[in-house]
Amino acid sequence: MQVRGLFLLLVLILLAAASEAGKNKKDKAKKNGSECEDWRWGPCTPNSKDCGVGYREGTCKEETKRLKCKIPCNWKKEFGADCKYKFESWGGCDAATGLKARSGTLKKALYNAECQETIQVTKPCSPKTKSKSKARKGKGKD
């Protein structure tokens, strides 16, 4: 009977401790965070130039926050770093323009970014390179 009472007392102590720990976490969230749930985030703005570490501002009702963010230096400025696309393979080279193209379909918009559903991107065609067998023919036979 004493073991049972001791066990019951131990369970009550553990429940009280767990309840207090949960309360402290909620208090901490109120001090450091926010109870606001409808945050609107702006684009990531680099600290210098057009890529690298920067900040994005968010607003919710009367509150404003700044989050650290990073824009890769190879990002495509036309559609923004917060719009993630799934791209098709590159098409063939257009001889008239010297460009090849591919399209992308929106996969994910980060931080409520306004993104186009589909985009078209181009890049210059790569110059034709000599094959290794042709380059070696002239060497060493003098």
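Aromatic pairs and a lysine patch

At 36% relative accessibility, Tyr111 counts as partly exposed. The model is predicted, and Tyr111 is a convenient place to enter it. This residue sits in the loop between strand E6 and strand E7, the latter spanning 118-124.

Tyr111 pairs with Trp41, a residue of strand E1 (residues 40-41). The two lie 70 residues apart, and their pair links distant parts of the chain. A pair of aromatic rings is described by the distance of the centres and the angle of the planes. For Trp41 and Tyr111 the centres are 5.9 Å apart and the planes stand at 75°. Planes over 60 degrees apart count as edge-to-face, so the pair of Trp41 and Tyr111 is given that label. Trp41 has a relative accessibility of 19% and counts as buried, because the limit for that class is under 20%. Its partner Tyr111, at 36%, is partly exposed.

These two rings belong to a cluster: ring pairs link Trp39, Trp41 and Tyr111. The structure holds three aromatic pairs. One of them is formed by Tyr85 and Phe87, with 6.2 Å from centre to centre and 50° between the planes. This pair is tilted, since the angle falls between the limits of 30 degrees for stacked and 60 for edge-to-face. Tyr85 has a relative accessible area of 10% and is therefore buried. Phe87, at 27% relative accessibility, is partly exposed.

Next comes the charged surface. Lys84 is found in strand E5, which covers residues 83-87. With 35% relative accessibility, Lys84 counts as partly exposed. Lys84 gathers with Lys86, Lys107 and Lys108 in a surface patch of positive charge. Two elements give two or more residues to this positive patch: strand E5 and strand E6, the latter running over 99-109. Patch members need over 30% relative accessible area, a limit that Lys84 passes with its 35%.

The last stop is Asp38, placed in the loop between helix H1 (2-32) and strand E1. At 46% relative accessibility, Asp38 counts as partly exposed, because exposed would require over 50%. Which distance separates Asp38 and Gly58 in space, C-alpha to C-alpha? The value is 9.8 Å, for two residues that are 20 residues apart in sequence.

Technical notes. Residues numbered from 1 in each chain as written. Predicted model: local features only at pLDDT ≥ 70, side-chain atom pairs only at ≥ 80, totals over all residues. Heavy atoms only, no water. Patch = residues over 30% accessible without salt bridge, like charges linked within 9 Å, V, L, I, M, F, W, Y side chains within 5 Å. Areas by Shrake-Rupley, 256 points an atom, 1.4 Å probe, with all protein chains shown as cover. Salt bridge = Lys/Arg side-chain N within 4 Å of Asp/Glu carboxyl O. Lys, Arg positive; Asp, Glu negative; His and termini not counted. Charge placed at Lys NZ, Arg CZ, Asp CG, Glu CD. Helix = DSSP H or I, 4+ residues; strand = E, 2+ residues; numbered from the N terminus. Buried < 20%, exposed > 50% of the residue type's maximum accessible area, 1.4 Å probe, protein only. Phe/Tyr/Trp six-rings, centres within 6.5 Å; stacked < 30°, edge-to-face > 60°.
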